[in-house]
Amino acid sequence: TVLMTVSMNKNIIKTAVQGRNGTVKEYSNDGDFEIDVRGVIVGDGQNVYPSLEVEELVRMLTVTDTLSINSDFLSRFSSVSPTGIEGISDVVIESFTLPQREGFRNAQLFQFKMISNTPIELTI
């Protein structure tokens, strides 16, 4: 079971002008998409902890490189890249937590945060 929340902050430069209330806003660009993922992994039996699945999740969450993902939901969020307009297909994991849940031996809750990444190809 997985639920995702997607958000994005726009990069806006705010400049105070003497003699004027408020600020002058100048749109710079769109920021990265921020994706919050929450879910639970459940074991096969009532008292069976999903060890292998949790180990695989931890392996994925500790990767120190860009991850390519395929999500129907995330493909709906468009960003402009050098190759055109596309959905979120590459991400970087920022943080994660795996809390225990009292009374549930066969379930592991998880939550992680990732940000969108647009790969850049350098030509040398």
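## Serine 75 and its loop

In this predicted model, serine 75 lies in the loop that runs between β3 (67-68) and β4 (79-81). With a relative accessible area of 39%, serine 75 is partly exposed, because that value falls between the 20% limit for buried residues and the 50% limit for exposed ones. Once neighbours within four places in sequence are left aside, the contacts of serine 75 are with Gly87 and Ile88. A further residue, asparagine 47, is 28 residues from serine 75 in sequence, and the two C-alpha atoms are 37 Å apart in space.

## Glycine 87, the partner across the loops

Glycine 87, one of the two residues in contact with serine 75, is itself placed in a loop, the one between β5 (84-86) and β6. Glycine 87 has a relative accessible area of 18% and is therefore buried, since the cut-off for burial is under 20%. Not counting residues up to four places away in sequence, glycine 87 touches Leu74, Ser75, Phe77 and Ser78. From C-alpha to C-alpha, glycine 87 and serine 116 are 9.6 Å apart, with their positions 29 residues apart in sequence.

## The nonpolar core around isoleucine 35

The largest nonpolar core holds 15 residues, and among these Ile35, Phe112 and Met114 touch the most other members. Two or more residues of this core are supplied by each of β2 (23-42), α1 (51-61), β6 (90-97) and β7 (107-116), and the largest share, 4 residues, comes from β2. As a general tendency, nonpolar side chains in soluble globular proteins are buried together.

Isoleucine 35 has a long list of contacts beyond its neighbours within four places in sequence: Met4, Thr5, Val6, Leu74, Ile88, Val91, Phe112, Lys113, Met114 and Ser116. This list includes Phe112 and Met114, which are named together with Ile35 as the core residues that touch the most other members. It also includes Ile88, a residue that is in contact with serine 75 as well, and Leu74, which glycine 87 touches too.

## Glycine 39 in strand β2

Glycine 39 is placed in strand β2, the element that gives the core its largest share. At 16% relative accessibility, glycine 39 counts as buried, because the value is under 20%. Leaving aside neighbours within four places in sequence, its contacts are Thr1, Val2, Gln108, Leu109 and Phe110. Proline 119, by contrast, is 80 residues from glycine 39 in sequence, and the C-alpha atoms of the pair are 27 Å apart in space.

## Threonine 66 between helix and strand

Threonine 66 lies in the loop between α1 and β3, and at 28% relative accessibility threonine 66 counts as partly exposed. When neighbours within four places in sequence are left aside, threonine 66 is in contact with Asp90, Val91, Val92 and Asn117; Val91 also appears among the contacts of isoleucine 35. The C-alpha atoms of threonine 66 and isoleucine 124 are separated by 21 Å, the two residues being 58 apart along the chain.

## The chain as a whole

The chain contains 1 helix and 7 strands, and these follow one another along the sequence in the pattern β-β-α-β-β-β-β-β. The radius of gyration is 20 Å, well over the 14 Å that the globule rule gives for 124 residues, so the chain is more spread out than a compact globule. Taken along the principal axes, the box filled by the C-alpha atoms is roughly 65 × 45 × 25 Å.

Buried residues make up 24% of the 124 residues, and the accessible surface of the chain comes to about 9400 Å², 50% of which belongs to carbon and sulfur atoms. Of the contacts between residues at least 6 apart in sequence, 58% join residues that are at least 24 apart. The chain carries 10 positive and 16 negative charges, and the mean positions of the two sets are 12 Å apart.

Notes:
Residues numbered from 1 in each chain as written. Predicted model: local features only at pLDDT ≥ 70, side-chain atom pairs only at ≥ 80, totals over all residues. Heavy atoms only, no water. Rg over C-alpha atoms; globule rule 2.2 N^0.38 Å. Buried < 20%, exposed > 50% of the residue type's maximum accessible area, 1.4 Å probe, protein only. Contact = heavy atoms within 4.5 Å. Areas by Shrake-Rupley, 256 points an atom, 1.4 Å probe, with all protein chains shown as cover. Lys, Arg positive; Asp, Glu negative; His and termini not counted. Charge placed at Lys NZ, Arg CZ, Asp CG, Glu CD. Core = buried A, V, L, I, M, F, W, Y, C linked by side-chain atoms within 4.5 Å.
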